[in-house]
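Welcome, and thanks for opening the viewer. Let's take a short walk through this model, picking out one selection at a time.

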Amino acid sequence: IIVLNKEDLLPDDPLQQQLLELLKAYTDIGIITIVVSAKKFQHLSALHEKMIGKTCVFVGQSGVGKSALI
């Protein structure tokens with residue numbers, strides 16, 4: 001699963017649509033993608049549903065919001 005945090009920082013303009021189009025490449029090959037905002041508690045239930053009963057690892061660059069999700 002690819003999780004993109006900090007959805008709240010994404011402007012409502014063509015950049016958001018471009019991001020969704022880029023993620024489509026992953027969904028087309030069967031990878032689940034979830035865009036969330038830990039800060040505003042948006043779409044976290046979708047992530048939680050995928051994690052129930054599983055061992056999960058969060059990886060990513062510093063500052064992307066891994067700790068906020070945990």
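## The whole chain

Begin with a cartoon view: read along the sequence, the protein chain runs β-α-β-α-α. Its radius of gyration is 12 Å, close to the 11 Å that the globule rule gives for 70 residues, so the chain is as compact as a globular protein of that length. Please keep in mind that this is a predicted model. In total you should find three helices and two strands.

Now turn the chain around. Along the principal axes, the C-alpha atoms fill a box of roughly 35 × 30 × 25 Å. Switch on the surface, and you are looking at about 5400 Å² of accessible area, with 58% of it belonging to carbon and sulfur atoms. Buried residues account for 16% of the 70 residues. As for contacts between residues at least 6 apart in sequence, 59% of them join residues at least 24 apart.

## Into the core

Next, select Ile34, Val36, Ala38, Leu47 and Leu69 and show their side chains: these five residues form the largest nonpolar core.

Stay with valine 36 for a moment. Which residues does valine 36 touch, not counting residues up to four places away in sequence? Its partners are Val3, Leu4, Asn5, Lys6, Glu7, Gln42, His43, Leu44 and Leu69. One of them, Leu69, is also a member of the core you have just selected.

## Leucine 23

Now pick leucine 23, which you will find in helix 1. Is leucine 23 buried or exposed? Its relative accessibility is 8%, and buried means under 20%, so leucine 23 counts as buried. Leaving aside residues up to four places away in sequence, leucine 23 touches Leu4, Thr33 and Val35. Leu4 is worth a second click, as it also appears among the contacts of valine 36.

If you like using the distance tool, try leucine 23 and glycine 60: their C-alpha atoms are 16 Å apart in space, and the two residues are 37 apart in sequence.

## Out to the surface

For the last stop, select Tyr26, Ile29 and Ile31. Together these residues form a nonpolar patch on the surface, with about 290 Å² of accessible area.

Zoom in on isoleucine 31. Where does isoleucine 31 lie? Look in the loop between helix 1 (14-27) and strand 2 (33-35). Its relative accessibility is 30%, so isoleucine 31 counts as partly exposed, whereas leucine 23 in your earlier selection counts as buried.

Technical notes. Residues are numbered from 1 along each chain as its sequence is written. This is a predicted model: local features need pLDDT of at least 70, side-chain atom pairs count only at pLDDT 80 or more; totals for chains, interfaces and linings use all residues. Side-chain values use heavy atoms; hydrogens and water are left out. Patches are made of residues with over 30% relative accessible area and no salt bridge: like charges are joined within 9 Å, nonpolar side chains (Val, Leu, Ile, Met, Phe, Trp, Tyr) within 5 Å. Accessible areas come from the Shrake-Rupley method with a 1.4 Å probe; for residues, only the protein chains shown count as cover. A salt bridge is a side-chain nitrogen of Lys or Arg within 4 Å of a carboxyl oxygen of Asp or Glu. Helices (H or I, at least four residues) and strands (E, at least two) are DSSP runs, numbered from the N terminus. Buried means under 20% relative accessible area, exposed over 50%, partly exposed in between (1.4 Å probe, protein chains only). A nonpolar core is a set of buried Ala, Val, Leu, Ile, Met, Phe, Trp, Tyr and Cys residues joined through side-chain atoms within 4.5 Å. Contact means heavy atoms within 4.5 Å. The radius of gyration is taken over C-alpha atoms; the globule rule is 2.2 Å times the number of residues to the power 0.38.
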